[in-house]
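Work through the exercises below with the model open. Try each task before reading its solution.

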Amino acid sequence: MQQITITTPDDWHLHFRDGEMLHETVPATARCFARAIVMPNLVPPVINAKLANEYKSRILAARPKGSHFQPLMTLYLTNQTTTQDIIDAKQAGVVAAKLYPAGATTNSAQAVIGIEALYPVFEEMQKQGLLLLIHGEVTENHVDIFDREKVFIDQYMIKIVQAFPDLKVVFEHITTSDAADFVLASSHHVAATITPQHLLLNRNDLLVGGVKPHNYCLPVLKRSTHQQALRNVVASGSNKFFLGTDSAPHAKHAKENACGCAGCYSAWSALELYTQVFDELNALDKLEGFASFYGADFYGLPRNTTSVTLAKQSWTVPESINLADGEAIVPFFAGQQVAWKIV
Ligand code: NCD
Ligand code: ZN
Ligand code: ZN
């Protein structure tokens with residue numbers, strides 16, 4: 001196939017950041033996605049409806065002229081989150097709340113210690129129909145970083161979905177066959193997002209021939225058998241797995257650093273790279289479900305009615321993106337060829 005037209009997709013997991021950065025990140029996503037779940041890990045985090053509404057206005061103001069792109073807002077759970085925060089968030093149009101175990105990832109220092117303490121909040125979310133989005137990794141020092149997702153499933157995920165059978169749970173950016181199997185074995189209230197980097201790469205791409213800081217994200221890339229398991233589930237066309245880029249910009253100097261930040265800025269190439277993966281898997285017929293249908297269906301939102309066309313035409317991702325304030329960002333796949341292009 002040389003060309004494919006799909007219903008306009010949505011991105012069910014990304015980081016826009018804030019301030020000046022919005023003028024870079026919002027247009028990059030709005031070029032091909034109709035909606036996006038905007039993660040709340042700002043500094044300070046988006047912990048209530050008021051902050052979510054204000055953040056939403058700043059995002060809307062950064063849209064390109066004429067764009068109908070819609071941000072879908074989320075709340076950052078902390079040990080101080082109350083059931084009233086959940087009720088207020090629902091009323092304000094917030095669609096989900098994000099659980100970061102404290103210390104698990106970028107800007108999670110103020111997040112949750114002792115997940116069971118949040119059960120009353122999960123109870124209210126279940127009642128209000130707010131989705132629970134989970135960064136599923138434990139943070140204990142003695143747990144090997146490559147095992148942290150699997151241990152999270154065993155210690156927390158199983159219990160949460162059992163305790164709240166009607167709560168919709170998204171296991172975010174899954175990286176292991178364990179997570180894929182868990183989601184497949186769970187009820188229709190449990191689904192997962194998968195990033196382009198975890199479909200395209202494995203830990204060799206992070207560490208062989210030198211450390212590749214621009215392939216460093218959390219959860220960290222795993223061994224190729226896990227990558228293959230993720231490729232298999234998306235190729236299967238299961239509606240429990242959908243597109244979430246986890247596009248997460250960091251300044252070049254913060255990534256190319258003795259203590260480099262986690263996150264890949266993929267907004268300028270993500271849809272094209274997903275298409276490339278589905279093409280490699282001979283599963284282009286499954287792309288539209290993954291990119292455009294299953295996420296909206298799971299969130300209980302209407303599917304988009306417009307469309308996007310991609311052609312099999314290779315192009316090179318730029319080496320660097322220069323921001324107005326003088327900062328540079330190295331995009332995901334910088335300097336590399338992508339096989340598909342938006343028409
Ligand atoms: C994300 C970020 O930079 O905000 N980083 C990442 O490596 N994925 C946070 C997250 O999604 O865990
Ligand atoms: Zn995360
Ligand atoms: Zn993320």
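The exercises that follow treat two metal sites in this predicted model.

**Exercise 1.** Find which residues coordinate the zinc ion (ligand 3), and classify the geometry of the site.

Solution.
- Step 1: list the donors. They include NE2 of His13, NE2 of His15 and OD of Asp246, at 2.0 Å.
- Step 2: read the angles. Among the four donor atoms they run from 93 to 133 degrees.
- Step 3: apply the cut-off. Four donors count as tetrahedral if all angles lie between 85 and 135 degrees. The site of the zinc ion (ligand 3) is tetrahedral.

**Exercise 2.** Give the spacing of the donors of the zinc ion (ligand 3) along the chain, and place His13 and Asp246 in the fold.

Solution.
- Step 1: the spacing reads H-x1-H-x230-D.
- Step 2: His13 sits in strand E2 (residues 11-14), while Asp246 sits in the loop between strand E9 (241-243) and helix H10 (252-255). The pair is 233 residues apart and links distant parts of the chain.
- Step 3: check accessibility. His13 and Asp246 are both buried.

**Exercise 3.** Why is the arrangement around the zinc ion (ligand 2) irregular?

Solution.
- Step 1: identify the coordinating residues. His135 binds through ND1 and His173 through NE2, at 2.0 to 2.1 Å.
- Step 2: inspect the angles. The four donor atoms subtend 53 to 149 degrees, so the arrangement is irregular.

**Exercise 4.** Are His135 and His173 buried or exposed?

Solution.
- Step 1: His135 has 1% relative accessibility, so it counts as buried.
- Step 2: His173, at 2%, also counts as buried.

**Exercise 5.** How far apart are the zinc ion (ligand 2) and the zinc ion (ligand 3)?

Solution.
- The two ions are 3.9 Å apart.

Key:
Residues numbered from 1 in each chain as written. Chains lettered and ligands numbered in written order. Predicted model: local features only at pLDDT ≥ 70, side-chain atom pairs only at ≥ 80, totals over all residues. Heavy atoms only, no water. Donors = N, O, S within 2.8 Å, 3.2 Å for Na, K, Ca; no water. Tetrahedral: all angles 85-135°; square planar, octahedral: opposite > 155°, others 65-115°. Helix = DSSP H or I, 4+ residues; strand = E, 2+ residues; numbered from the N terminus. Buried < 20%, exposed > 50% of the residue type's maximum accessible area, 1.4 Å probe, protein only.
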